[in-house]
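Hi everyone, thanks for coming. I have one structure to walk you through today, so let me put it on the screen.

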Amino acid sequence: MSKIIAGLLLAASFVRAQEPRQIMEEVQRRQRSESQHYEGTLEVIGNGSRIATKRWVFDRIGAFGNSKGMLRFTVPAEVKGVGLLIVNHTDRASDQWLWRPNIGREQRIALQDRSTRFFGTDFSFEDLEERDVAQFDYKLLGDEKDTWKLQSTPRKSSQYTYGYLWVKKDNYTIVKVESYNKKGLVRVIDYRDFELAKGIWTARTIEVADVTRNSRTTLKYDKLEYNLPMKDGDFTLDALRRGP
Amino acid sequence: MTGLLLFALLAQNFEQRGFIQNQALFYPQTTSNDGAQAVDQAAIRWEASYKVAPWLKLAGALDARADTHRQVNRDAQLNVDDRTTQRPAFSLRELNATLHKGKVTAEFGRQIIRWGKTDILTPTDRFAPKDYLSSVVDSDFLAVPAARITIAGANDSFDAIWQPWFTPSRTPLLNQRWTALPPELNGVTIADAGARYPGRSQFGLRWNHIAPRYEYSLSYFDGFNNLPLFSASLDPATAAVRAQRFYPSMRMYGADTAIPLPWLTVKGEAGYFTSTTPGAQDYVLYVIQVERQIKEWSLVGGYAGEAVTSGAANALSFTPDRGFAKSFVGHATLTIDVNRSLTVETAVRSAGSFVRFEYSQAFREHWRVTPGVAWIRGDMTDFLGQYHRNSYASLGVRYSF
C-alpha cells in the first residue's frame, strides 16, 4: 500500500514538474549561487563579417533575481573603464547606472530606455538584467523529446510583449530564447557550450541575434567562477565611480 | 622565477590607458584679433592606476600637448597647477590616492570632480573648471587638487570636498578669436595683466538620495567662481588696456533631480549663487531637460534659465555658463552601429545660437576619426552671437591604447 502511495506521490510530483512555473523555478533554483565572476569576449558581427571585438569583466553578488551586477569594459581601449551597475529586484525591473570615465558622472538608465542596444552590441540594457520568475507568466507550449518549449509573458514593464524559451529536460538549462514585441520577433538568444562549473550548468557561449538589424553578438565566457567572496559595498554607485 | 611571479602579481593590479590625438580646426572667417584660419593641435594622454592594496589605489594622468596657434606653451616643463593662461606642454592632469573602507571612500590629490545631473549646462558642477582656449562650445574639464570624502549607502551618499588651492577655468587668450572684442575696440591693444587668485580654500557638500522612481541631490558650495571678472586699466606708457582676471567669491545652494517617467526622463538642476565681491551678481541658474532613447537615438532637450536677484551686469566678465542661460538646448546622438555615431548639439537664444554636428567612426580596435562642423550665429550683444565669426569645421583623429 505504502509503495502505491509513494508511486502516486512520485507520479504527482512528476506531473507537477511539467507545470511551466515549476520548470522555471527549477531553472532558477539550479542557477542559484552567491556570486559569479567571468571575463567576457564579445564579437559583434554585422552583415556577415566581424566589425568589433569587446571585452568586459562581470561580477555578480546575490542570488538570481535579487542580485547586483557590475560590468566593466576592458577592451577596446576607448571604452576601457566604462561600467554598468545593475541592481535587480524580485518585484520590479532592475535599476541601472552607466559610468563613462570621460564624462566623470554616472547616468541612470531609465526604464523606457532599456530597449537600447548596449554599447553597440546586440544586447539591450534589459537583456543584461536578471528577472525573477515571479515577474513572468508562463505557458507550456510543447513537450519535445529533450526540451520543453514555454511562452513567457512579462507582468511588469518590458520592451518584449512575450517570449519563447526552450529548457533542456535533463539539466533544466535554457538553451534558446526568442523575444517578441508587438511588431514581431526582435531577438534570438542561443546558449551553447554548456559546462558544469561548481555544480551549475553554464553556457560558455551566448549568441544574441538582433533580427531587426541582421546583426549578432557572440559572448564567450572566460575565467568563470562561482561563489567567490565579494562585498556588497563593491556594488554601489560609489564603487561604480571608484573603478575596479 | 620569483621575479617573474612578482612582476605578474604587480601587473595584475596595474591598469593603464590613453590616447594620441590630433585635431585640426578650420575657420572660414577671420576676426579682428585673430587672422588664423587653420589651427592644429596634438595631444597625448596617459592614465595609469595601481591597486596597492584592496583598500588603496593610486592613479595619475599625464598630458603632453603641442599646437600651431600658441595656445600651448612651448616650455618643456611639467605643470602641476593648471593656472597658466596657455595650456602647458606637459602637465600632471591627475595624481591621486583613493582609500576605501566599508562605506567610506577618501580621495586625495588632483582629481576630476563632477556634480550634477543635467547635460549641456550643469549649474551645481562647482569643482569642475574647464579649458575654453579652443572653443566655448566644446571644452574639456580640468582636475582640481582636493580631498574628497564620500560615505555611500545603498540609497544615500554624502560627499564632502575640500579644495585647498584654487584652479581657474582657462579663459580664451586675449589675442585670439574666442575673446570677442566689440568693433569699437578695433585697434586697441589689450594686454593680459595676469590674475589675482583667491587666498583661501573652498569646500562643498552634497547629499544624493536614490529612490525607486526618482533620485535627487542637495548641494552646497562655498568658494570662488572659476570663471573670472576682469579689472581694466589704461597703461599710459603703452596706451594699452591692461586686463587683470580676478575670481569673485561664490556661495551656492544647489539641487538636482532625475525622475524617470513612463515615456521620458525629466532632469532638473538649479543653483542659487551669491557673492560678496563687488561687481559680481547674485543669481539663480537652472536647467530643466527631458531625455528619451528611441531605438538608436538618444535625445535630450530642455531649457536653461537664469534670474538675477541682485547686482548689475558686468561687461568685463567671461561667463560661458551663464552665456548658455535663457536658451533652448538640445543634444541628439544616433548610434549607427557599434563603430559609428552621429551627434548633434544645439543652443538657441533670442540673439544667438549654435549647432554642432559630429560624425564619429572607429576603425579596428584603436582608431577613431571624428569630423565635425560648428555653426554659430547671432549678434555682438549676445554671448553666443559675439562668436558669429568663429564657426568652424574640425577633423579629429585619435589612437586609443
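I'll start with the fold of one chain and then turn to its contacts with its partner. Please keep in mind that this is a predicted model.

Let's begin with chain A, which has 13 strands alongside 3 helices. How does its radius of gyration sit against the globule rule? For chain A the value is 19 Å, close to the 18 Å that the rule gives for 244 residues, so the chain is as compact as a globular protein of that length. If you follow the C-alpha trace along its principal axes, chain A spans about 70 × 40 × 30 Å.

Now, the inside. Of the 244 residues in chain A, 55% are buried. Looking at contacts in this chain between residues at least 6 apart in sequence, 43% join residues that are at least 24 apart.

And the outside: chain A exposes about 11100 Å², with 52% of that supplied by carbon and sulfur atoms. On charge, chain A carries 41 positive side chains and 34 negative ones, and the centres of these two sets lie 1 Å apart.

On to the partner. On the chain A side, 36 residues are in contact with 46 residues of chain B. Together, the two chains bury about 3400 Å² between them, and carbon and sulfur atoms give 44% of this area. Which three residues of chain A supply more of its buried area against chain B than any other three? They are Arg105(A), Arg108(A) and Gln112(A), with 21% of what chain A buries there.

That's my tour, and I'm happy to take questions.

Notes
Residues numbered from 1 in each chain as written. Chains lettered and ligands numbered in written order. Predicted model: local features only at pLDDT ≥ 70, side-chain atom pairs only at ≥ 80, totals over all residues. Heavy atoms only, no water. Helix = DSSP H or I, 4+ residues; strand = E, 2+ residues; numbered from the N terminus. Rg over C-alpha atoms; globule rule 2.2 N^0.38 Å. Buried < 20%, exposed > 50% of the residue type's maximum accessible area, 1.4 Å probe, protein only. Contact = heavy atoms within 4.5 Å. Areas by Shrake-Rupley, 256 points an atom, 1.4 Å probe, with all protein chains shown as cover. Lys, Arg positive; Asp, Glu negative; His and termini not counted. Charge placed at Lys NZ, Arg CZ, Asp CG, Glu CD. Buried area = accessible area lost by both parts, 1.4 Å probe.
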